[in-house]
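Student: I should like a close look at a single part of this structure. Please describe its surroundings in one connected account.

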Amino acid sequence: YYTLRTYLNAYYDVTVNESPLENVDLGEYDVLIIKIPTKPYPQKVIEKIVTYVRNGGGLWVIGDHTNVFGSTTYLNPLLRNFGLQLRYDGVYHNEHGSYNSIYTKSLFKHPIIHNVPVFLFATPCSLQVINPRMRIVVPGLTTKAYALSYAYKNFFPDPKPDLNIFAGANTLLAAGDFGRGRVVVFTDSTVFSNFFIYLPGKTELALSIISWLNH
């Protein structure tokens, strides 16, 4: 994520935290970005983050497909406080079975994607939205979700036809208010990696998310 950090640093003061979050004063920051953790957060850290958002902070959580590196297992205990849950699946385009594109031509769209052009996904997971205050920003209308399979070492699901495949609307981005703060959850960490981020829509989406959270 070096390139994303460099890009955002042209607009904001960006700090990369390498310390346990127990030791970080979140009140010094306007927006907190969490992506693909590889170990669980202690309960006191989860409570600290929830309090930070409730008091006016912005939180951007970035997940990925099929519980890669255990990230979904580690993020969901935090996300359930906001009425959100990452699912253990991988989402593909329903027609050609590969990457997904969103087109934001609708007259009624969330401010986050107002200036986002065609957007190429890698492999996101789907997102369950329980909290009515969380708005579905990218509904993934023409997608299909394959459940996680532990039979593969690369964390990708089994692409063979299966009765457990869910075709239709699979939420890929949600955002909403929580207390005095705001939360955004996006389900495809790969698209903000160094090799991917300068494809159309990536920097636009990242900047729009931070701008919306930094209300």
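Tutor: In this predicted model, strand 2 (residues 58-62) is largely enclosed by the rest of the structure, because five of its five residues are buried, that is, under 20% relative accessible area. The burial involves both faces: Gly58, Trp60 and Ile62 are covered on one side, and Leu59 and Val61 on the other.

The strand also has partners along its edges. Strand 1 (residues 31-35) runs parallel to strand 2 and is joined to it by five bridges; within this pairing, Ile33 has Trp60 as its bridge partner. The connection between these two strands includes helix 2 (residues 43-54), and together the three elements form a right-handed β-α-β unit. Strand 12 (residues 181-186) is likewise parallel to strand 2, again with five bridges, and here Val61 is the bridge partner of Val185.

Trp60 is among the residues with the most contacts inside the largest nonpolar core, which has 31 residues; Ile112, Leu173, Val184, Phe186, Phe192 and Leu205 are the others named for this. Strand 2 and strand 12 each supply at least two residues of this core, as do helix 1 (2-8), strand 8 (134-138), strand 11 (173-178) and helix 4 (202-213). Helix 4 gives the largest share, seven residues. Apart from this core lies another, of 27 residues, with Val24, Ile49, Tyr52 and Val185 among them.

Phe186 of the larger core is in contact with several residues of strand 2, including Trp60, Val61 and Ile62. Beyond the strand, its contacts include Gly63, Phe119, Phe121, Leu173, Phe192 and Leu205.

Conventions
Residues are numbered from 1 along each chain as its sequence is written. This is a predicted model: local features need pLDDT of at least 70, side-chain atom pairs count only at pLDDT 80 or more; totals for chains, interfaces and linings use all residues. Side-chain values use heavy atoms; hydrogens and water are left out. Buried means under 20% relative accessible area, exposed over 50%, partly exposed in between (1.4 Å probe, protein chains only). Helices (H or I, at least four residues) and strands (E, at least two) are DSSP runs, numbered from the N terminus. Two strands pair if DSSP finds at least two bridges between them. A crossover is right-handed if, with the strands pointing away from the viewer, the path from the first strand over the helix to the second runs clockwise. A nonpolar core is a set of buried Ala, Val, Leu, Ile, Met, Phe, Trp, Tyr and Cys residues joined through side-chain atoms within 4.5 Å. Contact means heavy atoms within 4.5 Å. Lists of a residue's contacts leave out its neighbours within four places in sequence.
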